[in-house]
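Student: I have not met this structure before, and I would like to go through it slowly with you. Could we take it up once it is on the screen?

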Amino acid sequence: MTLNLLKVLPEIADALAENRPVVALESTVITHGLPWPTNIETAKAMEAAVRESGSVPATIALINGELRIGLTDDDLEFMAKLPSDDVRKCSRRDLPSVIANKGHGSTTVAATMILADLAGIQFFATGGIGGVHRGHNFDVSADLMELGKTPTTVICSGAKAILDIPNTLEVLETQGVPVLGYQCDKLPLFYSRESEFEVNQRVDSANEIAEIVYAKHQLGLKNGTLVTVPVPAEEEVPAGDIQSIIDTAVKEADNEGIKGAKITPWLLSRIAELSSNQSMKANIALLKNNGRVAGQIASAYQELVNLKN
Ligand code: PSU
Ligand code: MN
């Protein structure tokens, strides 16, 4: 029933049927996270990075109400050029109405986790997850709840400092989500390689992550896993350089009364405006790097499963 709703690209359907590694990618970063043409260039570079590490990329979105698992180059360009008002930023709550209205929708971390899971894809690479908003402790991204109940492993660079990081970690703890640090002990802060907050466990290789995800699967636990990967050192923007820009943007958003689903995209574009190209470069570099690491983890997991069976 559900599977009939999904339109899976043949290359991805074949890979899944043959137990080859596949990595899901989200589309809100394309429609609401980055401007044209950086968005399409980055989306393609991320897909290429997944391929280079031996996995098949599956970018997820809704086009005319169809659930697309994998986009062709034409689909990607179509989504990347859509004015953000013509495409719904879809979290869990938005999926039914966009399907029913035959609308266009980009998927957030929460919605991408759901659709990847329905398609049988276990690993998903993105930039940053949503979290608890600073000064608005009831504005908690549905991403955090989704991580508590959908078994997708999300590979990202932590969360942006636009968020309340300690409270975001508290919610993840309550939701039972392991926060793993890929070759790091402290939680990465998107543009910056580390924060003052410790991850639950440091992991140094894709194999180590595969073992943890496999053990969780064997236990029958249905929650997700968060793997946090620091931005490559050459492209890092030190916290001191970006912090005042982030603080300004958060204050302005408050003054303008920006709320709900609009706040994350608003802050992202304001920070891009207020900062030099450096922040954009970090953003692109970490997305590509996360695609590469996710491809390695998905491959390691498949090898482990083959070995155990
Ligand atoms: N953080 C970023 N870039 C992004 C997002 C978050 O640095 O593009 C997007 C992701 O798709 C994430 C969503 O799932 O914003 C969270 O939005 P909200 O806070 O409204 O749940
Ligand atoms: Mn919110």
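The questions and answers below go from the chain as a whole to the surroundings of its ligand.

Student: How many helices and strands does the secondary structure of the protein chain come to?
Tutor: Please keep in mind that this is a predicted model. Both kinds of element are found in the protein chain, whose secondary structure comes to 13 helices and 13 strands.

Student: What is the radius of gyration of the protein chain, set against the globule rule?
Tutor: For 309 residues the globule rule gives 19 Å, and the chain comes close to that value, so it is as compact as a globular protein of that length. The radius of gyration of the protein chain itself is 18 Å.

Student: What share of the residues in the protein chain is buried?
Tutor: A residue counts as buried when its relative accessible area is under 20%. Of the 309 residues in the protein chain, the share that is buried is 55%.

Student: Which residue has a backbone N or O atom 2.8 Å from an oxygen atom of ligand 1?
Tutor: The side chain of Glu26 also has an N or O atom 2.8 Å from an oxygen atom of ligand 1, but the question asks for a backbone atom, and that atom belongs to Val109.

Student: How much of the area that ligand 1 exposes when taken alone does the protein bury?
Tutor: Taken alone, ligand 1 exposes 480 Å². With 16 residues surrounding ligand 1, the part of that area buried by the protein is 92%.

Technical notes
Residues are numbered from 1 along each chain as its sequence is written. Chains are lettered from A and ligands numbered from 1 in the order in which they are written. This is a predicted model: local features need pLDDT of at least 70, side-chain atom pairs count only at pLDDT 80 or more; totals for chains, interfaces and linings use all residues. Side-chain values use heavy atoms; hydrogens and water are left out. A residue is near a molecule or strand if one of its heavy atoms lies within 4 Å of it. A polar contact is a pair of N or O atoms within 3.5 Å; within protein, one must be able to donate a hydrogen and the other to accept it, and residues adjacent in sequence count only if both atoms are side-chain atoms. Accessible areas come from the Shrake-Rupley method with a 1.4 Å probe; for residues, only the protein chains shown count as cover. Helices (H or I, at least four residues) and strands (E, at least two) are DSSP runs, numbered from the N terminus. The radius of gyration is taken over C-alpha atoms; the globule rule is 2.2 Å times the number of residues to the power 0.38. Buried means under 20% relative accessible area, exposed over 50%, partly exposed in between (1.4 Å probe, protein chains only).
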